[in-house]
Amino acid sequence: MRPALRRLFLLALSTDSDALLHAAEWETRCLHCRRRLRLRDDGEPLGHATLEHVVPQAWFGKRAAKALTMLVGDDANDPRNLAIACAACNHGKGMSHDARGPKDERARVVVERLLERRLARWREPAAP
Ligand SMILES: [Zn+2]
């Protein structure tokens, strides 16, 4: 895995109050279905953990998504916008909601709820 991507996994984990590091492994829960997911301590997924951009990357810079993107500093890779999700949930969201774009009200509501859930799991990263 590219180091830049691994860094994003670690950003998501270190700011997720559901993520615990023990015995050189991270354990957390899928943002969608709360299934247990494991990653190596260096951010490499074990099994089906994927990196979720809660507000889809393609929505940034779009007026209809402004109210959502501003909540994460208008930066798709802001840690508040990053979460760990299982592959099935992540791809399911991508296909059914992200692709419709922020003008679709149902898609917007789904992303809004997910972002609320992500922010409820927020924790400040430990000092380096
Ligand atoms: Zn899931």
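Student: In this predicted model, how many residues lie between strand 2 and strand 3 in their hairpin, and which residue in the turn has a positive phi?
Tutor: The hairpin has 6 residues between strand 2 and strand 3. Arg34 is in the turn, with a positive phi of about 65 degrees. Most residues other than glycine have a negative phi.

Student: How do you know that strand 2 and strand 3 pair?
Tutor: Two strands pair if there are at least two bridges between them. Strand 2 and strand 3 are joined by 5 bridges and run antiparallel, so the requirement of at least two is met. One bridge can be named: Glu25 has Arg40 as its partner in strand 3.

Student: What makes strand 1 and strand 2 a pair as well?
Tutor: The rule of at least two bridges applies again. Strand 1 and strand 2 have 3 bridges, in the antiparallel sense, and Leu21 stands opposite Trp26 in strand 2. Strand 1 and strand 2 also form a hairpin, with 2 residues between the strands.

Student: How many bridges are there between strand 3 and strand 4?
Tutor: Strand 3 and strand 4 are paired over 2 bridges, antiparallel. The cut-off is at least two, so 2 bridges are enough. Arg38 has its bridge partner, Leu46, in strand 4.

Student: Why are strand 1 and strand 4 called edge strands?
Tutor: The open sheet has 4 strands in the order 1-2-3-4, with antiparallel pairing. Strand 1 and strand 4 each pair on one side only, and they are its edge strands.

Student: Which residues of strand 2 are on its covered face, and which on its uncovered face?
Tutor: Trp26 and Thr28 make up the covered face of strand 2, while Glu25, Glu27 and Arg29 make up the uncovered one.

Student: Why is Ala23 called exposed?
Tutor: Exposed means over 50% relative accessible area. Ala23 has 77%, so it counts as exposed. Ala23 sits in the loop between strand 1 and strand 2, and has a positive phi of about 50 degrees although it is not a glycine.

Student: What about Asp74: is it buried, exposed or partly exposed?
Tutor: Under 20% is buried and over 50% is exposed, with partly exposed in between. Asp74 has 42% relative accessibility, so it is partly exposed. Asp74 belongs to the loop between helix 2 and strand 6, and its phi is positive, about 55 degrees, although it is not a glycine.

Student: And what is Arg40 called by the same limits?
Tutor: At 36%, Arg40 falls between 20% and 50%, so it is partly exposed. Arg40 is in strand 3. Not counting residues up to four places away in sequence, Arg40 touches Arg6, Ala24, Trp26 and Leu46.

Student: How do you know that Asn81 is buried?
Tutor: Its relative accessible area is 0%, under the limit of 20%, so Asn81 is buried. Asn81 lies in the loop between helix 2 and strand 6. Beyond its neighbours within four places in sequence, Asn81 contacts several residues, among them Glu52, His53, Phe60 and Leu115.

Student: Why is the zinc ion's arrangement called tetrahedral?
Tutor: The donors are the SG atoms of Cys30, Cys33, Cys86 and Cys89, at 2.2 to 2.3 Å. Four donors count as tetrahedral if all angles lie between 85 and 135 degrees. The angles around the zinc ion are 104 to 114 degrees, so the arrangement is tetrahedral. The ideal tetrahedral angle is 109.5 degrees.

Student: What spacing do the donor residues have in sequence?
Tutor: The spacing is C-x2-C-x52-C-x2-C. Cys30 lies in the loop between strand 2 and strand 3 and Cys89 in helix 3, so the pair ties together parts 59 residues apart in sequence. Cys30 has 0% relative accessibility, so it counts as buried.

Student: What puts the buried residues of helix 3 on one side?
Tutor: The buried residues are Ala87, Asn90 and Lys93. They cover an arc of only 140 degrees around the axis, so they are on the same side of helix 3. Those buried residues pack against strand 5, strand 6 and helix 4. Ala88 and Met95, on the other side of helix 3, are exposed.

Student: What is the confidence in the prediction?
Tutor: The average pLDDT of the protein is 95, and 99% of the residues score at least 70. Confidence is lowest in helix 3, at a mean of 91, and highest in strand 6, at 98.

Definitions and conventions
Residues are numbered from 1 along each chain as its sequence is written. This is a predicted model: local features need pLDDT of at least 70, side-chain atom pairs count only at pLDDT 80 or more; totals for chains, interfaces and linings use all residues. Side-chain values use heavy atoms; hydrogens and water are left out. Donors are N, O and S atoms within 2.8 Å of the metal (3.2 Å for Na, K and Ca); water is not among the atoms, so sites may look incomplete. Four donors count as tetrahedral if all angles lie between 85 and 135 degrees; four count as square planar and six as octahedral if opposite donors are over 155 degrees apart and all others between 65 and 115; anything else is irregular. Buried means under 20% relative accessible area, exposed over 50%, partly exposed in between (1.4 Å probe, protein chains only). Contact means heavy atoms within 4.5 Å. pLDDT is the predictor's confidence in each residue, from 0 to 100. The arc is that of the directions from the helix axis to the C-beta atoms.
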